Amino acid sequence: MSEFETLAGVHQGLFVLLLLATLLPACKAKELVYAQTTRSLKKSAGWTLFFFVLALLLFAFQVFVTWSLFHSFGWLYIKDKVIGFLPLLLLPLAASLLISVPRLSRLVMGHIRQDKQQATSAPLTFDTASAKAWDEPLLDEAVENLPTTTEVDGFRETATTLEAPTGKSAPLPTDAVDAAWRRDASAPEMIVPLQAAALGALIALILQFMFPAVTLEINKLAIAWGAFVTGVSLLWILHSWRQHRASRPGELRRPHAVLRFLRTVSIFLLLGTSGYFWGHQELLASILPDQLKMVDHSASAAAHEQHSAPATSGKTVSVTDLTGPHTGEPDRQFTLTAQKTTIQLPSGKTTEAWTFNGKYPGPELRMKQGELIEVVLENKDISDGVTIHWHGLNVPNAEDGVAGATQDAVMPGEKHVYRFVAKQTGTFWYHSHQQASVQVRKGLLGALVVEPAETEQPVASYKRDLTLVHHKLADGGITLSGRDTLMLDTVSPGTSVRLRLINADNFPVTFQLLGTPFQVIAIDGNDVKEPNLIANQALKLAAGGRYDVSFTMPNRPVFFAQSKQANGKGLLLSPDGTGELPSMNTELPLFDPTRYGSPQSLPFDLNTRYDREYLMLFDLQVGFYDGRLDGLWTINGKVYPETPIQVVKEGDLVKMTFVNRSFTDHPMHLHGHTMLVLSRNGNAVTGSPWWTDTLNVAPGETYEVAFRADNPGLWMDHCHNQDHAALGMSMHLLYEGVTSPFEMGRGTRNHPE
Ligand code: C2O
Ligand code: CU
């Protein structure tokens with residue numbers, strides 16, 4: 001667990017404890033009035049004070065944890081806590097300290113004699129006449145009957161025998177609590193602040209778990225405070241009324257247990273039913289519509305979120321027109337047929353997969369930079385339909401292959417042709433973008449490699465060029481390039497080797513390359529400038545990300561595998577085809593791309609003035625998605641389709657800040673663009689420029705990234721943990737004036753992901 005997870009987890013847990021801790025003094029205070037003797041009243045008041053002090057200490061600890069979060073992670077990690085949740089506790093606790101505590105102390109010390117006298121002699125606001133009539137003769141009588149007086153704590157207590165209204169005489173203890181005591185013990189000024197603290201704790205708890213980004217939803221905050229003020233007002237009225245009754249002379253009886261039970265039950269029923277109805281409404285509202293036009297939705301959202309005219313030029317363009325070259329003989333042609341396939345893994349395990357061309361993973365597509373590529377996608381029998389997204393390759397928008405945004409899913413028996421020029425070089429991959437959380441896991445993915453064009457300049461060539469796809473196959477477990485056993489290969493010493501690592505799983509994976517120093521020569525297909533030789537560093541690769549590493553084969557075995565749970569899996573390269581698996585050292589430091597290689601002057605950096613800046617806060621919250629209650633990974637408190645739309649103009653310089661306040665990694669993937677990482681946790685990148693298309697944002701991490709908006713269209717920007725994306729952790733980047741005829745939703749052939 002990272003420091004962030006510990007602190008943020010403690011912070012969340014403390015809200016639960018604070019609710020319990022504030023409930024204790026609140027309940028204790030409410031019961032004071034039923035004390036039979038002044039002695040027990042004092043004792044209970046003492047306990048009330050004690051519990052209050054505990055609650056106060058707990059709150060002080062919460063403030064300390066908040067400060068620690070601020071100290072280590074910055075304002076954005078505590079903003080909602082400081083503005084949204086904590087005031088709901090701070091205010092009533094302060095009121096309790098200033099108003100309840102003095103009153104409680106007076107009860108404890110027994111310094112209410114004056115009040116007591118006032119109660120019996122001075123006119124009171126309530127039924128004074130009857131109070132006198134009831135009280136005085138009884139007191140007198142009592143004094144007559146039991147002329148014993150005791151000095152307790154410096155004031156005189158009079159033993160009394162009260163005559164119950166029924167006419168029966170009931171002897172009471174010598175220090176029985178009388179109306180004056182009860183009046184003080186039921187003072188709303190004393191009880192309500194304590195109960196308000198419990199109410200505030202409850203509301204803060206709900207906000208923390210359901211609306212962690214509440215400061216971005218001011219209406220929610222207003223509702224919370226509305227509920228708080230209403231609750232406190234009701235409590236005040238209730239306790240004023242109660243005090244009125246308690247201050248009347250005569251015996252005060254605690255309501256019958258059955259009555260109290262019924263009262264509690266009805267309060268819970270009331271809260272429960274209103275909660276249920278609210279929840280039910282939210283649940284229904286969360287059901288995704290049968291059809292959802294992203295651009296329609298965006299046009300209105302964009303207009304009010306971005307303060308800018310939708311299409312400045314007035315011209316609009318449909319994504320269907322943003323295609324690659326229509327004409328011309330392709331330099332390379334591939335056909336990919338999506339089909340259900342029974343595959344056998346090297347371990348002997350047989351499993352059902354969905355594959356391209358019957359291969360798991362799909363065939364590796366190799367091409368050269370500048371070539372016109374044509375890929376024909378056929379769907380044999382994947383009933384939900386398929387598409388192909390070229391992950392990391394910045395193709396024209398219409399070739400992006402996102403069902404519901406740039407095309408309709410290709411249904412069984414149908415075909416779709418993608419045409420694009422491979423402009424970048426490096427390691428990429430492709431996968432279905434229809435119901436991706438299911439289809440990628442089932443095997444609809446493959447590697448894509450663009451080699452540099454053969455030009456005048458000689459390019460470094462590697463004798464061994466191996467692509468290694470890390471994937472977790474549904475029901476098949478973890479595989480490396482489709483293998484679930486050790487891969488053994490003979491490589492003669494001195495051979496230059498390039499490993500292209502692709503992480504097609506949902507989580508970051510840490511690899512180790514042992515037995516040789518190596519260089520990380522490319523990240524997400526982007527060459528690293530002057531990569532230095534490193535050794536004994538583990539490579540943590542984002543879900544969806546790629547690292548290319550190279551080394552010269554030494555005169556001993558080289559082993560590549562996942563740091564954890566390698567159990568005999570991985571790749572063993574050896575000069576003679578034999579070798580022993582070295583044991584993995586899980587303590588290796590991680591390779592750090594923020595300071596690796598040499599810097600280079602860049603078109604933009606931290607000091608650039610950006611045309612658009614977006615802040616994206618990632619939270620975990622309890623909420624409804626598509627008709628069910630779930631833990632949701634949200635962007636700025638929202639799940640798709642409520643997530644923000646980022647509208648840009650062609651040519652804009654755009655900066656995004658990712659802030660992960662949740663408890664898991666979010667590999668952020670922007671389609672159609674390559675992002676430059678400017679800083680991590682406030683520290684500028686000092687090594688080679690770090691260009692990426694899939695950036696893992698770990699819990700507690702803050703990244704600033706920037707890109708030039710140079711590829712018009714409607715682009716997805718989502719978490720590449722496909723399970724998070726399927727739960728709505730997804731948003732869009734939309735160029736002004738771009739429209740899309742495609743619809744996403746249940747009634748369409750496009751699944752909402
Ligand atoms: Cu590789 Cu939108 O995903
Ligand atoms: Cu995520």
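Let me begin at one turn of the chain: Leu 473 stands opposite Gly 477 in strand 16. The model I am presenting is a predicted one, and every value I quote is computed from it.

Strand 16, residues 477-480, pairs with strand 15 in the antiparallel sense, over four bridges. In the hairpin that these two strands make, three residues lie between the strands, and Asp 475 takes a positive phi near 65 degrees. Strand 15, residues 464-473, has a further partner in strand 18, residues 496-503; here the sense is parallel and the pairing extends over seven bridges. Within strand 18, Leu 501 is the residue opposite Leu 468.

I turn next to strand 14. Is this strand enclosed or open? Six of its seven residues, in the run 445-451, are buried, so strand 14 is largely enclosed by the rest of the structure. Strand 9, residues 362-368, pairs with strand 14 in the parallel sense over five bridges, and there Leu 365 has Leu 448 as its bridge partner. Strand 13, residues 426-431, runs antiparallel to strand 14 and is joined to it by six bridges; in that pairing, Trp 429 is matched with Ala 447.

Now to the metal site. Which protein atoms are the donors of the copper ion, ligand 2? They are ND1 of His 666, SG of Cys 719 and ND1 of His 724, lying 2.0 Å from the ion. Along the chain, these donors follow the spacing H-x52-C-x4-H. His 666 belongs to strand 30, residues 666-670, and Cys 719 to strand 36, residues 714-719, so this pair ties together parts that are 53 residues apart in sequence. His 666 is buried, its relative accessible area being 0%. Cys 719 is likewise buried, with a relative accessible area of 0%.

The remaining topic is empty space, beginning with the cavities. There are eight of 30 Å³ or more, and the largest has a volume of about 140 Å³. Its lining comprises 14 residues, and those closest to the centre are Lys 81, Gln 208, Pro 212, Asp 619 and Arg 661. By class, the lining of this largest cavity holds eight nonpolar, two polar and four charged residues. Helix 1 (3-31), helix 3 (79-85) and strand 26 (612-625) each contribute at least two of the lining residues. Why does the largest cavity lie between two domains? Domain 1 (3-113 + 182-254) and domain 4 (292-312 + 600-739) both give residues to its lining, so the cavity lies between them.

As for the pockets, the largest contains about 2200 Å³ of space. It is lined by 45 residues, and nearest its centre are Leu 199, Leu 202, Gly 231, Ile 267 and Leu 271. The largest share of this lining, 15 residues, is supplied by helix 9, and the lining as a whole has 30 nonpolar, eight polar and seven charged residues. Domain 1 and domain 3 (255-286) both contribute to it, so the largest pocket lies between these two domains.

The second largest pocket has a volume of about 990 Å³. Of its 44 lining residues, Pro 508, Thr 510, Lys 540, Leu 590 and Asn 696 are the closest to the centre. Its lining divides into 20 nonpolar, 14 polar and 10 charged residues. Among the elements that each supply at least two residues to this lining are helix 1 and strand 19 (509-514).

Key:
Residues are numbered from 1 along each chain as its sequence is written. Chains are lettered from A and ligands numbered from 1 in the order in which they are written. This is a predicted model: local features need pLDDT of at least 70, side-chain atom pairs count only at pLDDT 80 or more; totals for chains, interfaces and linings use all residues. Side-chain values use heavy atoms; hydrogens and water are left out. On a 1 Å grid over the protein atoms alone, a cavity is a set of points where a 1.4 Å probe fits but cannot get out, and a pocket is an open set with protein on both sides within 12 Å along at least five of seven lines; lining residues have an atom within 4 Å of a point. Grid points are joined across faces, edges and corners, and a volume is the space filled by probe spheres set on the points. Ala, Val, Leu, Ile, Met, Phe, Trp, Tyr, Cys and Pro count as nonpolar, Asp, Glu, Lys and Arg as charged, and the others, Gly among them, as polar. Domain bounds come from an automatic or database domain assignment. Donors are N, O and S atoms within 2.8 Å of the metal (3.2 Å for Na, K and Ca); water is not among the atoms, so sites may look incomplete. Buried means under 20% relative accessible area, exposed over 50%, partly exposed in between (1.4 Å probe, protein chains only). Two strands pair if DSSP finds at least two bridges between them.
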